[in-house]
Amino acid sequence: MTDCLIVQPIAASGLELLNGAGLSVHTPATTEFTSLEPHLATARAVITRNHGLSATEISAAPNLEVIVSHGAGTDAIDKTEAVARGIPVLSTPGANTIAVAEHTMALILACARQIPQADRATRGGDFDFRYRQTGFELAGKTLGLVGYGRIARKVASLAHAFAMHVMAVTRSVTDAELAGDGVEPVDMDTLCSRSDIVSLHTVPGRHGKFDAVRIGTLRRGAILVNTARGAILDEAALVVALRNGQLSSAALDVFASEPLPGDCPLFACPNLIVTPHVGGSAREALDRTAIAAARKVIEALGTVSQ
């Protein structure tokens, strides 16, 4: 019998909490339905990562009392089915804030200084790349943040350490709060036209999709970074903008569909950096997230840790 099904592996610290609470825990070898189904049949709780949980999977779990997302996002969980069953869908916001913010800055730096291109050139014996590279300093540049939640706030703090000017468009934070953080409140059009680098930190529908029209309003030669949600960015429009020079480079850690197929058009863009949704996967963040997810399961099931 499985009390808690962990769809994809989590840190040992979370497993220890669940086991200490007397729960029977199982992590399947794969996320195929055939691997999940026998354990869904008895599971009272599910912890899932980017796999989410489909309506079919939820329906296969008659005893399910809670679904916990290992991370802040719940987009991949069929909340309609969960709500219909009265099953709460919980997440662990804040546990990976530092990791995602640092990954965002790493991607910004990699784009600005053309780190991947320099690496490829060096490995190929092309030291003359140093005469052709067009990397630039972050100091004095303008960073535009679309959305201003926990992660964006941390990115702003890191950007200030690089002597950057930071702007943000947000519907949830007052102008006074932004000013207190040293961030200039602006509207979307102003942010796009003035930013050297734009970093997305919002959810689908909050500020509108970054489609061909919106990308076209960005300053020519700007950098675009997305570590938030794949659904907020039109990837086909991004490819066009990277090819025609509207954007000098871009970096993505999230995608509309994951994993990416081998023939994905994004791979044909040498001025694009892609990482496999690892923004929140620093060791420390994985520990915090696993512990937070386990605690939510224990609380929901009314189980007290020993």
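In this short talk I will go through two open sheets and one loop residue in a predicted model.

Let me begin with the sheet of five strands, which is open and has the order 2-1-3-4-5, with its strands paired in the parallel sense. Strand 2, residues 25-26, and strand 5, residues 89-90, stand at the edges of this sheet, and because each has a single partner strand, one side of each is left without a neighbour in the sheet. Further in, strand 1, which covers residues 4-6, pairs with strand 3, residues 45-48, in the parallel sense over three bridges. If you would like a pair of residues to look for on the screen, Cys4 stands opposite Ala45 of strand 3.

Staying close to that part of the chain, I would like to turn to Thr42, which is found in the loop that runs between helix 2, residues 33-40, and strand 3. Is Thr42 buried, partly exposed or exposed? Its relative accessibility is 24%, and since buried would require a value under 20% and exposed a value over 50%, Thr42 counts as partly exposed. As for its surroundings, and leaving aside residues up to four places away in sequence, Thr42 touches Met1, Thr2 and Asn63. Of these, Asn63 is 21 residues from Thr42 in sequence, while the C-alpha atoms of the two are 6.1 Å apart in space. With Thr2 there is a further detail, in that the side chain of Thr42 reaches the backbone nitrogen of Thr2 at 3.0 Å.

Now to the other sheet, which is open as well and is formed by seven strands in the order 8-7-6-9-10-11-12, again with parallel pairing. Its edge strands are strand 8, residues 183-185, and strand 12, residues 272-274, each of which pairs on one side only. From one strand to the next, the twist averages 20°. Within this sheet, strand 6, residues 142-146, and strand 9, residues 197-200, run parallel and are joined by four bridges, and the bridge partner of Leu143 in strand 9 is Ile197.

Which helix packs on this sheet with a direction at about 150° to that of strand 10? That is helix 5, residues 97-112, and the strands touched by helix 5 are strand 6, strand 9, strand 10 (222-226), strand 11 (247-252) and strand 12. Helix 8, residues 150-161, packs on the sheet too, where it touches strand 6, strand 7 (165-169) and strand 8, and the direction of helix 8 makes about 175° with that of strand 6.

Definitions and conventions: Residues numbered from 1 in each chain as written. Predicted model: local features only at pLDDT ≥ 70, side-chain atom pairs only at ≥ 80, totals over all residues. Heavy atoms only, no water. Pairing = 2+ DSSP bridges. Helix = DSSP H or I, 4+ residues; strand = E, 2+ residues; numbered from the N terminus. Buried < 20%, exposed > 50% of the residue type's maximum accessible area, 1.4 Å probe, protein only. Contact = heavy atoms within 4.5 Å. Polar contact = N/O pair within 3.5 Å; in protein donor to acceptor, adjacent residues only side chain to side chain. Axes fitted to C-alpha atoms, helices over the stretch in contact; angles between N-to-C directions.
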